[in-house]
Structure formats: C-alpha cells, structure tokens
Amino acid sequence: MRRNESEKNEIISFLEEELSNITRLLDEISECKDNSRVYRRAKGSILHDFYNACERIFETIARRINGGLSLTQQWHKNLLYQMTIEIKGVRPAVLSKTLAAELDEYLAFRHLFRNIYGFELESKRLDKLVEKFAKIAKSFQQEIQGFIDKL
C-alpha cells in the first residue's frame with residue numbers, strides 16, 4: 001500500500017504524540033510513592049491510560065496502514081496480537097511477540113480497572129504491574145520508534 005508523504009507524516013506525528021504521552025505517564029507514576037488507597041487509584045489510572053495509549057497506536061496502524069479494524073468480540077486482544085504479524089507488502093510487525101505477551105497483562109488490567117471500584121484494586125497485582133511498568137513502557141516506545149523508522 002503506497003501512502004503519500006503527507007499521510008505518512010500525519011501517521012508518524014500521531015504515533016510520536018502517543019509515545020510522548022507515555023513518557024508523561026512514566027513521570028507521573030514515579031511520583032506515586034505511597035501505597036495508600038488514593039495512590040493505588042492513581043497508579044491504576046496511569047496503567048489504564050498507558051494501555052489506552054498503546055491501543056490508540058494499534059488502532060491507528062490498523063485503520064490507516066492495514067486498511068481496517070476488525071471489531072469482533074475479542075477485538076482488543078486480536079488487535080494486540082495482530083501487531084506482532086508482518087503484513088507482506090503493507091507493513092512490518094509492529095511489536096515483538098514477547099512484548100505483546102507483556103502488554104496482554106496491561107490489557108487485562110485495563111478491563112478490570114474499568115469494571116471495579118478503585119478501592120477494590122489489589123495491591124499485589126497492581127504492584128507487580130507498576131514494578132515492571134517503566135521497563136515495559138520503554139520497550140514499547142523503542143519498538144514503536146523502530147516501526148516508525150521503517151515507515
């Protein structure tokens with residue numbers, strides 16, 4: 001699929017803006033030192049926002065580069081794993097399978113976060129995701145930047 005320069009630059013600008021948003025989330029979570037209920041809610045919100053940013057990138061790639069988004073019952077999970085596949089003549093793989101498996105935990109958390117009260121957040125599960133958040137977010141940013149460089 002051939003894209004004109006303007007369309008390509010628009011896609012790249014959007015992806016880079018989302019990567020910048022992820023950097024802001026990394027800064028915010030570093031300020032959440034306490035484990036009080038309020039900070040757990042804040043951490044949960046940041047992790048929720050992180051996966052939203054990831055999925056916005058995936059949706060943009062699926063719509064603007066792949067040519068469409070399949071809205072099946074499991075579309076969120078399918079979209080994540082679709083990003084690990086090279087589409088010959090269209091685009092390279094966006095993510096490694098290893099990173100996609102890590103992001104799947106943040107997808108599951110986002111679903112949970114949307115469907116419970118903040119005071120129900122379990123510290124153990126939340127802490128596990130927060131602990132590896134910086135590593136996963138930076139890996140994500142690197143892989144998306146690598147994808148951008150190939151466009």
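This is a short tour of selected residues in a predicted model.

**Before you start**

Residues are numbered from 1 along each chain as its sequence is written, and side-chain values use heavy atoms, with hydrogens and water left out. Because the model is predicted, local features need pLDDT of at least 70 and side-chain atom pairs count only at pLDDT 80 or more, while totals for chains, interfaces and linings use all residues.

**Stop 1: helix α1**

Select residues 5-30, which make up helix α1. Helices here are DSSP runs (H or I, at least four residues; strands are E, at least two), numbered from the N terminus. Pick out Leu25 in helix α1. Is Leu25 buried or exposed? Leu25 is buried, with a relative accessible area of 7%. Buried means under 20% relative accessible area, exposed means over 50%, and partly exposed is in between (1.4 Å probe, protein chains only). Now add Phe50, 25 residues from Leu25 along the chain. The C-alpha atoms of Leu25 and Phe50 are 7.0 Å apart.

Stay in helix α1 and select Glu28. Glu28 is partly exposed, at 38% relative accessibility.

**Stop 2: a negative patch**

Keep Glu28 and add Asp27, Glu31 and Asp49. Together these four residues form a negative surface patch. Patch members have over 30% relative accessible area and no salt bridge; like charges are joined within 9 Å, and nonpolar side chains (Val, Leu, Ile, Met, Phe, Trp, Tyr) within 5 Å. Asp and Glu count as negative, Lys and Arg as positive, and His and the chain ends are not counted. To check the spacing, use CG of Asp and CD of Glu as the place of the charge. Accessible areas come from the Shrake-Rupley method with a 1.4 Å probe.

**Stop 3: salt bridges that reach helix α2**

Side chains of opposite charge can pair when their charged atoms come close. A salt bridge is a side-chain nitrogen of Lys or Arg within 4 Å of a carboxyl oxygen of Asp or Glu. How many salt bridges does this rule count? The count comes to nine.

Select Arg56 and Glu18. Their side chains form a salt bridge at 3.6 Å, N to O. Arg56 lies in helix α2 and Glu18 in helix α1, so the pair ties together parts 38 residues apart in sequence. Check the surroundings of each partner. Arg56 is partly exposed, with a relative accessible area of 40%. Glu18 is buried, at 5% relative accessibility.

Next, select Glu55 and Arg110. Their side chains meet in a salt bridge at 3.1 Å, N to O. This pair links distant parts of the chain: Glu55 is in helix α2 and Arg110 in helix α4 (residues 97-115), 55 residues apart. Glu55 and Arg110 are both buried.

**Stop 4: the network at Lys132**

Go to helix α5, residues 123-150, and select Lys132. Lys132 counts as buried, at 18% relative accessibility. Add Glu102. The side chains of Lys132 and Glu102 meet in a salt bridge at 2.8 Å, N to O. Lys132 is in helix α5 and Glu102 in helix α4, so the pair ties together parts 30 residues apart in sequence. Glu102 is partly exposed, with a relative accessible area of 22%. Now show Glu105 and Lys128 as well. Salt bridges that share partners join Glu102, Glu105, Lys128 and Lys132 into one network.

Look again at Lys132 and Glu105. Their side chains make a polar contact at 2.7 Å. A polar contact is a pair of N or O atoms within 3.5 Å; within protein, one must be able to donate a hydrogen and the other to accept it, and residues adjacent in sequence count only if both atoms are side-chain atoms.

**Stop 5: two exposed residues**

Select His111 in helix α4. His111 is exposed, with a relative accessible area of 55%. Add His48, 63 residues away along the chain. The C-alpha atoms of His111 and His48 are separated by 8.5 Å.

Finish at Gln73. Where does Gln73 lie? Gln73 is in the loop between α2 (37-66) and α3 (75-82). Gln73 is exposed, at a relative accessible area of 77%. Its C-alpha atom is 23 Å from that of Glu86, 13 residues apart along the chain.
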